[in-house]
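Student: Please take a close look at the charged side chains of this model and at what surrounds them. Which of them pair up, and what lies around those that do not?

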Amino acid sequence: FSFSRMRFGRAWIGVTATLSVATVGGRANSTVPPGTYAVQSALHPTITLRHCSFQLFGTNLEGPSADHIFQVVPGLDKAAGSVSLQSSNYPTKYIAETGDPEPGRLGVVVPSGPPEAFSFVLAPGPATPGAYTLQSKISGGFVTLSQDLTGQCAPHYNRSANEGDAVVAATATAASEWVFHAGSTPPEPPLPPETVSVFLDEVTHEVPTLALGCHSDTGYAHQARGFYSQMVVGDSFLATNYSEAVWNLEEAGGATTTAALDPADTLFGTPSTVITLGCSPVKPGTAHHTDGVE
């Protein structure tokens with residue numbers, strides 16, 4: 001039959017593949033096409049198989065990503081429907097039962113002895129669509145994510161984060177189901193949900209009212225380069241479709257007040273505005289048309 005999609009976490013990832021089906025021990029089994037994969041726990045989607053000090057663990061992504069990547073190749077025992085998993089960064093080594101440091105423990109080692117020790121039957125998982133079980137051809141046990149953490153690298157991992165040893169178990173459980181994620185990079189763990197809380201009764205900062213207004217470009221509390229240049233620049237820096245800024249000129253008692261563009265004195269090519277305040281017993285002034293308060 002044809003398999004057109006693989007499930008990765010909560011998302012479907014398109015992979016086109018043809019799976020050959022055989023019967024081993026009375027049970028239908030499938031072989032994933034040869035290729036490069038991260039082997040992801042169906043029970044805990046952030047966990048992938050990886051080797052460390054040549055012992056096999058299921059951990060979150062950390063350290064060299066190549067430790068999490070394996071080549072699926074035809075079974076070294078050359079039997080129909082079996083596969084072997086070859087380390088991508090130590091290609092002379094394959095996943096096998098090593099019994100180090102406890103019975104049933106898996107590791108990556110150079111093949112020696114019966115090839116069945118390095119071969120597995122790949123079968124559809126009983127509970128999770130798109131997931132598979134890996135059954136050892138030498139012991140009949142299933143590759144399983146253990147709740148134990150032992151071995152040289154164990155102190156680096158965290159059981160509360162669902163990390164654990166990779167072992168063979170006598171029966172298949174939810175922890176024995178794996179998703180083969182194609183590619184040379186393991187899937188990134190999903191981002192945690194983020195919550196932003198706004199407390200309207202807890203004001204910590206206020207924008208200075210004297211800094212508001214379009215002459216400083218609406219939306220900015222200050223426009224440092226213009227202020228340092230001692231310039232006044234119009235709405236949105238006189239961008240396209242903007243013309244000379246409109247100012248409300250207040251004149252009283254014979255005072256004269258003007259506001260005009262000065263193309264000779266620019267801020268990075270934008271004309272500044274020259275505001276002239278005349279003399280009078282009454283102070284002249286000017287206010288921008290938007291707020292009328294500056």
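Tutor: What follows goes through the salt bridges, then the charges over rings, then the nonpolar surroundings.

This is a predicted model, in which local features need pLDDT of at least 70 and side-chain atom pairs count only at pLDDT 80 or more, while totals for chains, interfaces and linings use all residues. Residues are numbered from 1 along each chain as its sequence is written, and side-chain values use heavy atoms, with hydrogens and water left out.

The whole structure holds four salt bridges, a salt bridge being a side-chain nitrogen of Lys or Arg within 4 Å of a carboxyl oxygen of Asp or Glu. Arg105 takes part in a bridge to Glu102, at 3.4 Å from N to O, and in another to Asp165, at 3.4 Å from N to O. The bridge between Asp165 and Arg105 links distant parts of the chain: Asp165 is in strand β15, and Arg105 is in the loop between β10 and β11 (106-109), 60 residues apart. Strands here are DSSP runs (E, at least two residues), numbered from the N terminus. Arg105 has a relative accessible area of 0% and is therefore buried; buried means under 20%, exposed over 50%, and partly exposed in between, with a 1.4 Å probe and protein chains only. Asp165, also at 0%, counts as buried, and Glu102 is buried as well. Through shared partners, the salt bridges join Glu102, Arg105 and Asp165 into one network.

Another of the bridges pairs Lys137 with Asp77, their closest N and O atoms being 2.6 Å apart. Lys137 is in the loop between β13 (132-136) and β14 (142-145), whereas Asp77 is in the loop between β8 (69-74) and β9, 60 residues apart. With a relative accessible area of 25%, Lys137 is partly exposed; Asp77, at 15%, is buried.

Arg105 also has its charged end over the ring of Phe57, 4.6 Å from the ring centre. The criterion is NZ of Lys or CZ of Arg within 6 Å of the ring centre and within 35 degrees of the ring normal. Lys93 lies over the face of Phe54, likewise at 4.6 Å from the ring centre. Lys93 is buried but has no salt bridge, and the nearest side chain of opposite charge, Asp100, is 11 Å away; in this count Lys and Arg are positive and Asp and Glu negative, with His and the chain ends not counted. Lys93 is in the loop between β9 and β10. Leaving out residues up to four places away in sequence, Lys93 touches Phe54, Leu85, Gln86, Ser87, Val108, Val109 and Val110, a contact meaning heavy atoms within 4.5 Å.

Phe54 pairs with Tyr90 as well: the ring centres are 5.1 Å apart and the planes at 80 degrees, so the pair is edge-to-face. Rings of Phe, Tyr and Trp (its six-membered ring) pair if their centres lie within 6.5 Å, with planes under 30 degrees apart counted as stacked, over 60 as edge-to-face and the rest as tilted. Phe54 is partly exposed at 36% relative accessibility, and Tyr90 is partly exposed at 37%.

Leu85, one of the residues touched by Lys93, is also among those with the most contacts inside the largest nonpolar core, which has 24 residues. Such a core is a set of buried Ala, Val, Leu, Ile, Met, Phe, Trp, Tyr and Cys residues joined through side-chain atoms within 4.5 Å.

Key: Helices (H or I, at least four residues) and strands (E, at least two) are DSSP runs, numbered from the N terminus.
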